[in-house]
Amino acid sequence: MKNKKFSLLLGMTAVIILSVPAAFAALDEPWFDLENCSMCKHMSDEEGLMENMEWSNFLTKDGMMSVTVVAEGYETAFKRSMKNMEDTGHKLMAGEKLYMCGFCQSYGALHMAGANFENFETDAGYINLATSHDPAVIEKIHAHGQRTIDEYEKMAAAESKGDSGHEGHDHGDH
């Protein structure tokens with residue numbers, strides 16, 4: 001399951017969607033930023049977790065579906081990451097200003113646009129659905145989903161070439 005570094009990103013949906021609008025000031029941050037994002041870093045804090053998860057994203061007719069699969073033996077680390085992200089979500093709700101990557105900001109913006117979210121915990125991980133009946137919101141979900149798919153492919157390609165220094169994000173200032 002190596003090179004599946006962002007499988008928990010969608011799994012944190014329930015936390016991100018609770019964030020206040022101020023947390024989504026700019027969407028020009030690196031799309032994925034496990035080193036600095038207040039949400040994402042909880043995944044990389046768990047030794048071995050990132051290398052032992054798989055993440056797949058699919059566009060659907062009315063939104064997107066993400067599937068996270070966690071390798072046997074990493075379930076506790078996965079759940080601990082989820083709890084830490086939930087705690088971070090509470091800080092955001094309380095008005096604390098925290099840095100979030102483009103993915104997390106965009107995901108929160110989907111909630112604010114009225115997307116519907118369903119989250120399912122499975123024995124092996126997590127399934128997340130983001131949907132809408134509103135064509136404008138569906139378009140936003142599809143844009144987020146396609147960018148996620150594209151950025152993940154770039155990150156995986158960079159890692160396959162041995163460039164794993166900054167986990168697939170650009171090196172712009174934030």
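Contact here means that heavy atoms lie within 4.5 Å. The exercises below concern a predicted model.

**Exercise 1.** Determine which strands helix 6 lies across, and at what angle it runs to strand 1.

*Solution.* Begin with the helix: helix 6 spans residues 135-160. Next, identify the strands beneath the comparison: helix 6 lies across strand 1, strand 2 (63-70) and strand 4. Finally, take the direction: helix 6 runs at about 145° to strand 1.

**Exercise 2.** Establish the strand order of the sheet and identify the strands that stand at its edges.

*Solution.* First, the order: 4 strands make up an open sheet, arranged 1-2-4-3, with antiparallel pairing. Second, the edges: strand 1 (53-60) and strand 3 (116-122) each have a single partner strand, so one side of each has no neighbour in the sheet. Third, the geometry: from one strand to the next, the twist averages 10°.

**Exercise 3.** Describe the pairing of strand 3 with strand 4, and locate Asn128 within it.

*Solution.* Step one concerns the pairing: strands 3 and 4 are joined in the antiparallel sense over 7 bridges. Step two gives a register: Phe120 stands opposite Ile127 of strand 4. Step three places the asparagine: Asn128 belongs to strand 4, residues 125-131. Step four classifies Asn128: the cut-off for a buried residue is under 20% relative accessible area, and Asn128 is therefore buried, at 0% relative accessibility. Step five adds a side-chain partner: the side chains of Asn128 and Asn119 are joined by a polar contact of 2.5 Å.

**Exercise 4.** Compare the span of helix 5 with its expected value, and state which of its residues are buried.

*Solution.* Start with the length: helix 5 covers residues 102-113 and has 12 residues. Its span from first to last C-alpha is 16 Å, close to the expected 16 Å at 1.5 Å a residue. Turn then to burial: Gly102, Phe103, Cys104, Gln105, Ser106, Tyr107, Gly108 and Leu110 are buried in this helix. Last, examine the helix end: Gly114, just after helix 5, adopts a positive phi of about 105°.

**Exercise 5.** Summarise the architecture of the protein as a whole.

*Solution.* Count the elements: there are 6 helices and 4 strands. Read them from the N terminus: the succession is α-α-α-β-β-α-α-β-β-α. Consider burial: 46% of the 174 residues are buried. Consider the contacts: of those between residues at least 6 apart in sequence, 75% join residues at least 24 apart. Conclude with the surface: the accessible area is about 8400 Å², and carbon and sulfur atoms account for 50% of it.

Methods. Residues numbered from 1 in each chain as written. Predicted model: local features only at pLDDT ≥ 70, side-chain atom pairs only at ≥ 80, totals over all residues. Heavy atoms only, no water. Helix = DSSP H or I, 4+ residues; strand = E, 2+ residues; numbered from the N terminus. Expected span 1.5 Å × (residues − 1). Buried < 20%, exposed > 50% of the residue type's maximum accessible area, 1.4 Å probe, protein only. Areas by Shrake-Rupley, 256 points an atom, 1.4 Å probe, with all protein chains shown as cover. Polar contact = N/O pair within 3.5 Å; in protein donor to acceptor, adjacent residues only side chain to side chain. Pairing = 2+ DSSP bridges. Axes fitted to C-alpha atoms, helices over the stretch in contact; angles between N-to-C directions.
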